[in-house]
Amino acid sequence: MIRPFRGAPFDAEGLLRDAYRGLNAPARRLFFKHSMTLGGLALLTGCSPTSEQGAEKILMRMSRWNDLVQARLFDPDRLAPTYPESMLTRPFPFNAFYGLDKVPQVDPQGYRLQLGGLIEDRRPWALADLNALPQTSQVTRHICVEGWSAIGKWGGVTFSHFLKRIGADLGARYVGFRCADDYYTSIDMPTALHPQTLLTLTYGDQVLPPKYGFPMKLRMPTKLGYKNPKHIVALYVTNEYPGGYWEDQGYNWFGGS
Ligand SMILES: Nc1nc2c(c(=O)[nH]1)N[C@H]1C(S)=C(S)[C@@H](COP(=O)(O)O)O[C@H]1N2
Ligand SMILES: [Mo]
């Protein structure tokens, strides 16, 4: 996680420490090999680390470099672990950037999933039509950067199937999501097409409860919790970097788990 800089005088050691901490293990090994020095950081990011502003920019660029390393290492065929239902975490934790009392209540009748960007058939989808698509389920572990993980069972439509069905440009770089609670995030296309990436409509074999993202959540066992948007109301395919609610505040964008 990248710690934001707060008005302290320029602190070279602190910058190196933060840059290093913000990386995942493989990126760290590369970083260590090439550039665990201020000069190396400057080379790697093309910024000079002499001011607070420069430092913040460097941390952001390091995080984007980390995205590239993770994208390179991502194996589209490697499956995340699955678990027997006897290992389900009960109750499954709730988490959002607000409390339980603020969970959005989406009207199932009026709901339409809006489609945008590089998609041939951008007709909106009603819930009944999504429920009529072939359904599958998985028991996987959700990992939140706030320090907890839990095993849950989600059911729904394989996302790659849905993307093909709507004629999404599968060669595009990103899929972006907008949510009923003003949350937003985006993912890389290889993860969107991963066999375990699921447009989920159920939790524990029941209609997805409001707190877990009714009417729909994108579940990816290959990504950290904050990359899994709940209450999705719109999705779009794009080549322009869309960012995300936490990502724009310094969380690493790729967010692999
Ligand atoms: N729409 C929306 N999706 C979201 C969030 C949110 O605040 N709003 N929080 C994210 C985070 S940080 C986590 S850990 C998971 C929590 O999902 P859960 O409530 O089903 O455990 O949702 C993710 N998706
Ligand atoms: Mo999270």
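**Note on the aromatic rings of this model**

1. Phe159 and Phe162 sit in one helix, α6 (residues 159-165), with their positions three residues apart in numbering, about one turn of the helix. The model is a predicted one. Phe159 and Phe162 are both buried.

2. Across the structure, the count of aromatic pairs is 21. A pair of this kind is described by how far apart the ring centres are and by the angle of the planes.

3. One of these pairs is Phe92 with Tyr203: the ring centres are 5.4 Å apart and the planes are at 50°, so the pair is tilted, since stacked needs under 30 degrees and edge-to-face over 60. This pair links distant parts of the chain, 111 residues apart. Phe92 belongs to the loop between α4 (52-73) and β1 (114-117), while Tyr203 belongs to strand β6 (residues 198-203). Phe92 is buried, as is Tyr203.

4. Back in helix α6, the rings of Phe159 and Phe162 have planes at 15° and centres 6.5 Å apart; the pair is therefore stacked. The cut-off for pairing is centres within 6.5 Å.

5. Which residues form one aromatic cluster? The members are Phe97, Tyr98, Tyr183, Tyr226, Tyr245, Trp246 and Tyr251.

6. Two rings have a charged side chain over the face. Arg64 is placed over Tyr241, at 3.9 Å from the ring centre. Lys223 is placed over Phe254, at 3.5 Å from the ring centre.

Terms used
Residues are numbered from 1 along each chain as its sequence is written. Chains are lettered from A and ligands numbered from 1 in the order in which they are written. This is a predicted model: local features need pLDDT of at least 70, side-chain atom pairs count only at pLDDT 80 or more; totals for chains, interfaces and linings use all residues. Side-chain values use heavy atoms; hydrogens and water are left out. Rings of Phe, Tyr and Trp (its six-membered ring) pair if their centres lie within 6.5 Å; planes under 30 degrees apart count as stacked, over 60 as edge-to-face and the rest as tilted. Helices (H or I, at least four residues) and strands (E, at least two) are DSSP runs, numbered from the N terminus. Buried means under 20% relative accessible area, exposed over 50%, partly exposed in between (1.4 Å probe, protein chains only). A charge sits over a ring if NZ of Lys or CZ of Arg is within 6 Å of the ring centre and within 35 degrees of the ring normal.
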